[in-house]
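Please open the model in your viewer and keep the selection panel at hand. The stops below go from one selection to the next, with a note on what is found at each.

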Amino acid sequence: MFEHIEAFPGDPILSLNESFQADPRTDKVNLSIGIYFDDAGRLPVMRAVAQAEADLLADLGPRPYLPMAGNAAYRDAVQALVFGEQCEARKAGRIATLQTLGGSGALRVGADFLRRAFPQAQVWISDPSWENHRVIFERAGFAVHTYPYYDEATGGLRFEAMLAALRELPRGSIVLLHACCHNPTGVDLDQDQWRKVIALLKANGLLPFVDMAYQGFGAGLEADAFAVRELAAQEVPCLVANSFSKNFSLYGERCGGLSVVCRDADEAGRVLGQLTGTVRANYSNPPTHGARVVARVLTSPALREQWEEELRAMCGRIAAMRGLIHDRLRAHVSGEALSRYVTQRGMFTYTGLTAGQVDQLRDQHGVYLLRSGRMCVAGLNERNVGAVAQAIGSVLARPAA
């Protein structure tokens, strides 16, 4: 019956992580997967999260199915964090928010909803983008194209080319945007550039779908949400996927949200109904534990303050590692190839290394990057950054054949 089924080639990121786990070398360094590690190289347990869990475990009760839309307190907390407590669209009830299985689940539920609502639409993603963006939308049935984004020569943004491409898109096209800490390049739009993009989207009748997986890891919780808040303020219909995997260090709990900004409260109610129908046809309803933890932290003033303090420290450590790898590479790299380590932001940097050089780093030095040259800066620490810089210098001195 299944003889015709082809072998799954594997996800390039997760497969590489499996190879890292199987590598017997004790000095290996994992800079491939998008996970924040502390300076000891460990996955942190945030104190605010641990306290919230302890509080919840002290008051155990029955665990019934959640509604299809998810935990109500969690959904409200998600909406307040993403759009701001005083957001006019939020006050008017114009935002439909759903609890999802992480950011990936939000993207897929949104993609399935859009496919039913706009069957003739096509999707545009940045060049490059997170590999799973294309997979998710293609599996939902969309044709997926790219718009110009990353400038390989400068390590910056091809902003004018991006605008020119967006101007040519048919009305009703779906445009996937990264709110902050662009994955994989670390190159973000500034606020003035965002305003220009949003004005174009509104004028040309394009539908933005914003992925915000790293709120708090760029310029801070408020600044990182500028794009989605400006879209809501400008009354641009949009979808927003957010995730708490990174900023709560709750990767395995799969805590995410999908929000849709609508014209009015009646429209938001109908959209929420269709979103819950999409969930029912997929996983029926989301899990309870992670959502209760997140909601408790975000709605308890003391825990919220502690969480924000911890998140700022995590963001600061990433910035410090950027500065450190930049300084250690001075002897090997110069110009824009060096400055990108500090001008790009968030967890990722596009190093400019070729696939062959990345292979050399892995095989000869036990330093794991994606073959695109993407480095997860959050995997660096004071113990390994010197060895990583030396390894990069070594492969640059001996280019791959």
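## A tour around strand E7

Begin by selecting His178 together with Asp211, since in this predicted model His178 stands opposite Asp211 in strand E8. Staying on this pair of strands, add Leu177 to the selection and look across to Val210, the residue of E8 that stands opposite Leu177. If you then widen the view to residues 207-212, you have the whole of E8, which runs parallel to E7 and is joined to E7 by five bridges.

To follow the connection between these two strands, select residues 191-203, which form helix H8: the chain leaves E7, passes through H8 and arrives at E8, and this β-α-β crossover is right-handed.

Next, turn to the other neighbour by selecting residues 123-127, which make up strand E3 and pair with E7 in the parallel sense over two bridges. Here Trp124 is the residue to pick out, as Trp124 stands opposite Val175 in E7.

Now select residues 174-178 alone and ask how many residues of E7 are buried. Five of the five are, so that the strand is mostly covered. With side chains displayed, Ile174, Leu176 and His178 point one way from E7, whereas Val175 and Leu177 point the other way, and all of them are buried. In a regular strand, side chains alternate between the two faces of the sheet.

From here, zoom out to the sheet as a whole, an open sheet of seven strands with mixed pairing, in which the order reads E2-E10-E9-E8-E7-E3-E4. At the edges, select residues 95-101 for strand E2 and residues 144-148 for strand E4: each of these has a single partner strand, so one side of each is left without a neighbour in the sheet. Looking along the sheet, you can follow a twist that averages 25° from one strand to the next.

The last stop concerns the cysteines, because a search of the whole structure finds zero disulfides. Select Cys180 and Cys181: the sulfur of Cys181 is the nearest cysteine sulfur to that of Cys180, at 4.2 Å, whereas a disulfide would need the two sulfur atoms within 2.5 Å. Cys180 is buried, with a relative accessible area of 2%. Then add Cys315, which is likewise in no disulfide and for which the nearest cysteine sulfur, again that of Cys181, is 7.2 Å away. Cys315 has a relative accessible area of 16% and therefore counts as buried, the cut-off being under 20%.

Note on methods:
Residues are numbered from 1 along each chain as its sequence is written. This is a predicted model: local features need pLDDT of at least 70, side-chain atom pairs count only at pLDDT 80 or more; totals for chains, interfaces and linings use all residues. Side-chain values use heavy atoms; hydrogens and water are left out. Buried means under 20% relative accessible area, exposed over 50%, partly exposed in between (1.4 Å probe, protein chains only). Helices (H or I, at least four residues) and strands (E, at least two) are DSSP runs, numbered from the N terminus. Two strands pair if DSSP finds at least two bridges between them. A crossover is right-handed if, with the strands pointing away from the viewer, the path from the first strand over the helix to the second runs clockwise. Axes are lines fitted to C-alpha atoms, for helices over the stretch in contact, and angles run from 0 to 180 degrees between N-to-C directions.
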